[in-house]
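Me: I should like to learn how the features of a structural model are read. Please take me through them one at a time.

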Amino acid sequence: MTEKSYKILVVDDEAGMRQLLESAFRDRGFSVSTASNGDAAIELIQTQSFDIVITDLRMPGRDGLGVLRAARQFSPDTSVIIVTAYGSIETAVEAMRLGAHDFIAKPFKLAEIELKVDKILKSKPEEEPSFSPSPVSRRIIGESSHTKQVLRMIEKIGPSKSSVLITGPSGTGKELVARAIHECSPRRTKPFIALNCAALAPGVLESELFGHERGAFTGASARRIGRFERAHMGTLFLDEVGEIDPAIQTKLLRVLQEGEFERVGGSEPIRVDVRVVAATNRDLKEAIAEGRFREDFFYRLNVFSIKLEPLRKRPDDIPALVEHFLKKFSSETGKRIVGVSDDVMSFFMRYPWPGNVRELENILERAAVLAEGDIITMQEIPPDMAFVQEPPEEEPGQPPETASLIERTDELESQMIYAALERFRWNKTKAAEHLGLKRTTLQYKIQKYGLE
Ligand SMILES: Nc1ncnc2c1ncn2[C@@H]1O[C@H](COP(=O)(O)OP(=O)(O)OP(=O)(O)O)[C@@H](O)[C@H]1O
Ligand SMILES: [Mg+2]
């Protein structure tokens with residue numbers, strides 16, 4: 001055995017079998033839990049993390065396949081060994097198909113099952129894998145300094161356990177960022193549980209979050225595990241957190257501070273290890289001033305904050321997003337769409353994008369379906385959209401110098417690009433590399449400034 005004490009759960013309705021396996025594995029230094037039926041096992045699986053579950057197949061109530069399904073759902077890293085009675089080989093095959101790691105037929109020798117356990121543990125990584133850029137953060141596309149900064153922030157705060165509050169208008173990518181934070185954390189092999197807090201009435205929300213005991217209210221015919229328990233060791237994403245009722249905010253504050261809560265109708269405190277990531281498109285400071293949001297809860301959530309800008313404030317992301325979505329929709333539609341026409345791109349750069357990235361994604365999805373050639377033209381852009389030609393209104397309170405600041409930075413950018421192009425004899429690939437831009441972005445900017 002290594003230093004680490006592996007956790008095993010033994011599930012069997014026969015007490016003799018439980019004791020046998022429990023003492024055998026405990027003697028070998030494992031930490032062993034037992035359950036005498038499927039339901040009890042599933043509860044343990046939802047609240048603790050086991051390396052291996054050894055479960056009997058045939059049990060009254062929920063059987064071994066039910067335990068296996070719960071393990072696959074709540075704890076995908078747990079390996080399950082199914083113990084079958086002699087002769088029920090078809091069910092064993094079915095169990096393997098459902099994701100069981102191995103099976104063993106009764107009667108078996110202790111050495112046999114120990115061998116199977118050792119084999120599984122040998123194939124598990126000993127340590128948490130080191131951080132590498134996660135797939136989701138690679139799916140966050142953008143060339144703007146804003147997006148690059150968001151990516152850096154995600155990588156920095158990912159490993160921590162502290163709460164994160166993500167703000168930004170609808171469609172700017174808040175959920176995408178929340179998932180990226182989870183995947184940049186050591187929790188990434190554990191559940192990411194999302195809950196839209198605006199969609200539920202306060203009573204329902206409370207029991208969704210914390211679960212309830214049997215008989216807690218009319219209709220509560222069985223105990224139910226809430227999202228906090230399901231997110232144990234992982235991340236809970238509270239979407240639209242600004243809509244939560246103040247009474248529930250108080251309970252959430254306690255979980256954030258003490259890591260514990262009670263199920264609705266229960267009195268026993270339940271401890272969980274959950275990282276909370278929340279998102280809102282509301283101004284929570286305003287909600288605090290109006291007495292709708294607790295200030296202390298806000299500060300607990302806002303240990304780290306990520307503010308996503310509307311798309312119109314980061315037009316440099318548009319060419320890269322267009323390329324990304326066209327690739328995606330080309331493969332979905334089986335077409336080969338390579339880009340958008342110049343007038344579409346220049347229209348996109350001026351359009352105010354009230355629906356942000358989601359709107360751009362939807363427009364391109366529609367256009368990809370309609371496109372006849374390999375380039376998206378203005379023909380495929382909804383005509384009502386193209387009427388909005390005016391640049392967006394600036395937010396109130398912005399100094400009047402803004403326009404000239406943009407003009408001046410444009411001027412500087414155009415000079416730098418021109419200089420780079422000259423230096424690399426108009427080799428755009430090299431110039432783009434030198435400037436730290438994507439080639440498509442450079443191409444767009446050359447057109448924008450009329451450099452060719
Ligand atoms: N930077 C980005 N790169 C790639 N795709 C993005 C990016 N930002 C957003 N998207 C895509 O845009 C869509 C909307 O993003 P998401 O659902 O994360 O937004 P949201 O801020 O949670 O919106 P809402 O407030 O309406 O819930 C998703 O399909 C998402 O994948
Ligand atoms: Mg969202």
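Me: Where is Met233 found?

Reply: The model is predicted: local features need pLDDT of at least 70, side-chain atom pairs count only at pLDDT 80 or more, and totals for chains, interfaces and linings use all residues. Residues are numbered from 1 along each chain as its sequence is written, and chains are lettered from A and ligands numbered from 1 in the order in which they are written. Helices (H or I, at least four residues) and strands (E, at least two) are DSSP runs, numbered from the N terminus. Met233 is found in the loop between helix 10 (227–230) and strand 8 (235–239). Met233 is not a glycine, yet has a positive phi of about 75°.

Me: Is Met233 buried, exposed or partly exposed?

Reply: A residue is buried if 20 or more other C-beta atoms lie within 10 Å of its own, exposed if 12 or fewer, and partly exposed in between, with C-beta atoms placed from the backbone. Met233 has 18 other C-beta atoms within 10 Å and is therefore partly exposed.

Me: Which phi does Trp426 have, and where is the place of Trp426?

Reply: Trp426 has a positive phi of about 65° although it is not a glycine. The place of Trp426 is the loop between helix 18 (402–423) and helix 19 (428–435). Trp426 counts as partly exposed because it has 13 C-beta neighbours inside 10 Å.

Me: Why does Ala222 count as exposed?

Reply: Ala222 counts as exposed because it has 9 C-beta neighbours inside 10 Å. This residue lies in the loop between helix 9 (202–210) and helix 10. Ala222 and His212 are ten residues apart in sequence, and their C-alpha atoms are 8.3 Å apart in space.

Me: Which order do the strands of the 2-1-3-4-5 sheet's counterpart, the sheet with strand 7 and strand 12 at its edges, follow?

Reply: Strands of a sheet pair through backbone hydrogen bonds, either parallel or antiparallel. Two strands count as paired if DSSP finds at least two bridges between them. Here five strands form an open sheet in the order 7-8-11-6-12, with parallel pairing. Strand 7 (192–196) and strand 12 (304–307) are at the edges with a single partner strand each, so one side of each has no neighbour in the sheet. Neighbouring strands of this sheet are turned by 15° against each other on average, direction ignored; axes are lines fitted to C-alpha atoms, for helices over the stretch in contact, and angles run from 0 to 180 degrees between N-to-C directions. Strand 8 and strand 11 (residues 275–280) run parallel and are joined by four bridges. Leu238 has Ala278 in strand 11 as its bridge partner.

Me: What is the order of the sheet that contains strand 2 and strand 5?

Reply: This open sheet of five strands has the order 2-1-3-4-5, with parallel pairing. Strand 2 (31–35) and strand 5 (102–105) each have a single partner strand and stand at the edges, so one side of each is left without a neighbour in the sheet. From one strand to the next, the twist averages 20°. Strand 4 (residues 79–84) runs parallel to strand 5 and is joined to strand 5 by four bridges. Val83 has Ile104 in strand 5 as its bridge partner.

Me: Which strands does helix 2 touch, and which does helix 5 touch?

Reply: Contact requires that the C-beta atoms of two residues, placed from the backbone, lie within 7 Å. Helix 2 (residues 38–47) packs on the sheet and touches strand 1 (7–11), strand 2 and strand 3 (52–56), its direction making about 140° with that of strand 2. Helix 5 (residues 110–122) packs on the sheet too, touching strand 3, strand 4 and strand 5, and its direction makes about 175° with that of strand 5.

Me: Why is strand 4 described as largely enclosed?

Reply: Six of the six residues of strand 4 are buried, so the rest of the structure largely encloses this strand. Ser79, Ile81 and Val83 on one side and Val80, Ile82 and Thr84 on the other are all buried. Strand 3 is joined to strand 4 by five bridges, and the two run parallel.

Me: Which peptide bond is cis?

Reply: The bond from Lys106 to Pro107 is cis, with omega near -10°. Pro107 lies in the loop between strand 5 and helix 5.
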